[in-house]
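Thanks for coming. I will go through one structure today, strand by strand, and then turn to a pocket.

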Amino acid sequence: MRKILIVGGGYAGFYTAKKLQKHLARGEAQVTVVDPLPYMTYQPFLPEVAAGTVEPRHAVVSHRRHLKKTTVITASVSKIDHAAKKVTVTPAAGDPWEVDYDTIVVTAGAVTRTFPIPGLADEAIGLKNIEEAVAIRDRVADCFAKASNLPAGPERDRLLTFVVVGGGFAGIELFGELRSYASALLRQYKNLTIDDTHFHLIEAMGRIMPEVSLKTSHWVIKNLEERAATVHLDTQLASAVGGVVELSTGESFESDTIMWTAGVMANPMLRNTDLPAEERGRLRVGADLRVISDAGIVPDAWGAGDVAAVPDLIPNQGVGGFTVPNAQHAVRQGKLLAKNLVADIRGEQPREYRHKNAGAVAGIGLYYGVFQSGPIALKGFVAWLAHRGYHGFAMPMWERKARVFGNWIINFLFRRDLVGIPARDTPRTAFEQFAVRPKV
């Protein structure tokens, strides 16, 4: 029986394993997934998690619950030795060990890409995982609670100044959702007004959201400005030391909440392998998702998702000839990869990945959205409904879809839950404060 090892349980890895469970006959292969997290995160919901409209646990999908025919190892792969067909698995607790395989599938995803900007690593937070989204929600709620007890002045301004760096889909959705979240919080703090809050989005390019038309992007900026949020185009973050945000334009202000969404890069674990990578650090694969080198196809090695440089066969669609790193491609690549693995086992030819972009849809706060498919553009409430409908049904597993739609229905009936739990990062503080210690 062939042993298939999947490195990474995100979109591409999860769907590869899920579809292998469906397509493999009994005894054809043994499938193992290794990932440091016990769940797959549905990343398009991270802005809504940060804004309190989707509960954190409902935006993730348990590996063990839904991959029942797959061996799941919750640990990191720290090394791949494809020549020997072994990986080194490093758990959070305990000693590393080696796992051998016959076929490897690398779907390790991407991590946040940053730049050596002074103060960025110390002050900012990303939006790549569920923990970051939860922390943002708690911090925003805590900032409002603290600010409500202060008189007008620099200290209160700092607490109520929120900065998002990056004007792609993730940044704009987070920015818009947090603006709506802040407006909802203001209803609970009668001594604060919308004029006391300051929202800044920093984008280095001359436009936002390159996936939509320029006209649509202009509508988004106008909508945000009407909601008391400022978009800085052609502007770079120069420094964030001590929470003092300095921009390339010379403007400066202080903030306790700086969020970075300005790009991703292939998981750096790929550097500790003998598999071929291209200049941007992504795994080299062909259109059929088999790993390739200068000498040709690398036997028994496959890759997909954000960690891989997958050729885009649809003209004028990808960037630099490769598919862009998003969920739309990763999910479909995972499904095709499972079929190609089964075909390979059965002596059949794998198919090439070819997917025409289905369009782009984004939510930018409660009842605001945009949708773009070719020349067709929708804006406002209708686009917001399209966003929720698309992502609600795209969420893997019916029990997860039901939970998400349940969140939205409950929020519609009773409004979103605005409670933050800032102390969850330090849960032992209260116990330690009052715990009686032995006398010395």
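Let me start with strands β6 and β7, the latter covering residues 86-90: the two run antiparallel and are joined by 5 bridges. Before going further, note that this is a predicted model. Within that pair, Lys79 has Thr88 in β7 as its bridge partner. The two strands make a hairpin with 4 residues between them, and in the turn Lys85 has a positive phi of about 55°.

β7 also pairs with β8, residues 97-100, again in the antiparallel sense, here over 4 bridges. Val87 is opposite Val99 of β8. This is a hairpin as well, with 6 residues between the strands, and Gly94 takes a positive phi near 105°.

Next, β2. Is this strand enclosed or open to the outside? Of its 7 residues, 6 are buried, so β2 is largely enclosed by the rest of the structure. Its pairing with β1, residues 2-7, is parallel and consists of 6 bridges. One point on that pairing is Ile4, which stands opposite Val31 in β2. Between the two strands the chain passes through α1, and this β-α-β crossover is right-handed. β2 also pairs with β5, residues 71-74, in the parallel sense over 4 bridges. There Val33 stands opposite Val72 of β5.

Now the pocket. Which residues lie nearest the centre of the second largest pocket? They are Asp35, Ala108, Gly109, Ala110 and Asn267, out of 30 residues in the lining. The elements that contribute two or more residues to that lining are α1 (11-23), β2 (29-35), β3 (39-41), β6 (76-81) and β10 (110-112). So α1, β2 and β6, which came up earlier, are among them. The space in this pocket is about 610 Å³. By class, the lining has 15 nonpolar, 12 polar and 3 charged residues.

Last, a sheet further along the chain. It is open and has 3 strands in the order β15-β16-β17, with antiparallel pairing. β15 (237-239) and β17 (252-254) are the edge strands, each pairing on one side only. On average, neighbouring strands here are turned by 35° against each other, direction ignored. β15 is joined to β16, residues 244-247, by 2 bridges. Leu237 has Leu247 in β16 as its bridge partner.

That is what I have; comments are welcome.

Key
Residues numbered from 1 in each chain as written. Predicted model: local features only at pLDDT ≥ 70, side-chain atom pairs only at ≥ 80, totals over all residues. Heavy atoms only, no water. Pairing = 2+ DSSP bridges. Axes fitted to C-alpha atoms, helices over the stretch in contact; angles between N-to-C directions. 1 Å grid on protein atoms, 1.4 Å probe; cavity = no way out; pocket = protein on both sides within 12 Å on 5 of 7 lines; lining within 4 Å. Points joined across faces, edges and corners; volume = space filled by probe spheres on them. Nonpolar A, V, L, I, M, F, W, Y, C, P; charged D, E, K, R; others polar. Buried < 20%, exposed > 50% of the residue type's maximum accessible area, 1.4 Å probe, protein only. Right-handed = clockwise from strand over helix to strand, strands pointing away.
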